[in-house]
Amino acid sequence: MKFKKRQQVIFIAEGATEKALVKKLFEGTVKEVNLAQKDIQKILRPIPVKAHIHLMIDIDILADKSCLNRMLENIKTLKKLGYSFSILQQNKNLEDELARACNCSLKSLLNYADCSSSSELKGKFIKSPTCVLNHPAFSHTRLWTTTLIPEFEIYKSYQLTGNDIVTLPKNNSR
C-alpha cells in the first residue's frame, strides 16, 4: 500500500507496549486506545479523513465476542466514513509478535531480555524497547505477518505487515 507524500500516519495501539514499539521504529503518531472496548468515533474528531490509520490489533482479547463485535464495528465505521486504514494483526499479543520478529520462541525472548514473565518483558520494553529490538535476529519485516482471523478475512486487502510501513532512519529513531 502506497501512502501519499506527507500523508499523516496514525497508529491506534491497544496499550503502552505497542506505543513504545511504534515510537521507536515507525514514522507516525500513536494514539493509545483499545478499540476492542471503545467506540472509534470518540477519537476520530481530531483525525483528518486524509490521514492513514494503522489499527494494531491484539487477537487474544477478541476471543470475547463483545470485543470482537466492537472491533468489527469500528472497522466498518472507518470504512463508512472514508478513512484510509490498514490492519496490523498481531500473533495473539505483542509479546508473541516480538518473539516472531526475533525469529525465536517467547521463552527464548524472555531469556534474551533477562525477564521471567511476559508482564516483566512488557514493563521492560516500555522503558527501553532496545531490550528486544537489539536482538541479533530482530527484523521489523516479520511483524504482523499472521494470517487474518476468519472474522477479518473480508478485510484482507487492508492487511499490512511490518515490511509495508515506513520505518524511522536507524540513527534518527526516537
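Trainee: What makes helix H4 (residues 94-101) count as mostly covered?

Mentor: The model is a predicted one, and the judgement is a count over residues: 7 of the 8 residues of H4 are buried. A residue is called buried when its relative accessible area is under 20%. The residues of H4 that meet this condition are Leu94, Glu95, Asp96, Glu97, Leu98, Ala99 and Ala101.

Trainee: Which elements do the buried residues of H4 pack against?

Mentor: They pack against helix H1 (16-25), strand S4, helix H5 (106-112), helix H6 (118-127) and helix H7 (130-133). Contact here requires heavy atoms within 4.5 Å.

Trainee: What makes Asn93 a cap of H4?

Mentor: A side-chain oxygen of Asn93 lies 3.2 Å from the backbone nitrogen of Glu95. The limit for a polar contact between N or O atoms is 3.5 Å, so the pair with its 3.2 Å qualifies. The end of H4 that Asn93 caps is the N-terminal one. After H4 comes Asn103, with a positive phi near 60°.

Trainee: Let us turn to the sheet. Why are S2 and S4 called edge strands?

Mentor: The sheet is open and holds 4 strands in the order S2-S1-S3-S4, with parallel pairing. Strand S2 (29-32) and strand S4 (84-89) each have a single partner strand, so one side of each lacks a neighbour in the sheet. On average, neighbouring strands of the sheet are turned by 25° against each other, direction ignored.

Trainee: What makes S1 and S3 a pair?

Mentor: Pairing requires at least two bridges between the strands. S1 (residues 9-13) and S3 (residues 52-57) are joined by 4 bridges and run parallel, so the condition is met. Val9 stands opposite His52 of S3, and Phe11 stands opposite His54 of S3.

Trainee: How many bridges join S1 to S2, and how many join S3 to S4?

Mentor: There are 4 bridges between S1 and S2, which run parallel, and 6 between S3 and S4, which also run parallel. In S2, Val30 is the bridge partner of Phe11; in S4, Ile87 stands opposite Leu55.

Trainee: Why is S1 described as largely enclosed?

Mentor: Because 5 of the 5 residues of S1 are buried, the strand is largely enclosed by the rest of the structure. Val9, Phe11 and Ala13 point one way from S1, while Ile10 and Ile12 point the other way. In a regular strand, side chains alternate between the two faces of the sheet.

Trainee: What can be said of S3 in this respect?

Mentor: S3 is likewise largely enclosed by the rest of the structure, because 6 of its 6 residues are buried. From S3, His52, His54 and Met56 point one way, and Ile53, Leu55 and Ile57 point the other way.

Trainee: Why is Leu72 called buried?

Mentor: The relative accessible area of Leu72 is 15%, and the cut-off is under 20%; Leu72 therefore counts as buried. Leu72 lies in helix H3. Its contacts, leaving aside neighbours within four places in sequence, are Glu151, Phe152 and Tyr155.

Trainee: How far apart are Leu72 and Lys23 in sequence and in space?

Mentor: Leu72 and Lys23 are 49 residues apart in sequence, and their C-alpha atoms are 26 Å apart in space.

Trainee: How many cavities does a search of the whole structure find, and what is the volume of the largest?

Mentor: The search finds 1 cavity of 30 Å³ or more, and the largest cavity has a volume of about 80 Å³. A space is called a cavity when a 1.4 Å probe fits in it but cannot get out.

Trainee: Which residues lie nearest the centre of the largest cavity?

Mentor: Of the 14 residues that line the largest cavity, Glu14, Leu35, Met56, Ile57 and Met71 lie nearest its centre. The elements that give two or more residues to this lining are S1 and S3. S3 supplies the largest share of the lining, 3 residues.

How values were computed: Residues numbered from 1 in each chain as written. Predicted model: local features only at pLDDT ≥ 70, side-chain atom pairs only at ≥ 80, totals over all residues. Heavy atoms only, no water. Axes fitted to C-alpha atoms, helices over the stretch in contact; angles between N-to-C directions. Buried < 20%, exposed > 50% of the residue type's maximum accessible area, 1.4 Å probe, protein only. Polar contact = N/O pair within 3.5 Å; in protein donor to acceptor, adjacent residues only side chain to side chain. 1 Å grid on protein atoms, 1.4 Å probe; cavity = no way out; pocket = protein on both sides within 12 Å on 5 of 7 lines; lining within 4 Å. Points joined across faces, edges and corners; volume = space filled by probe spheres on them.
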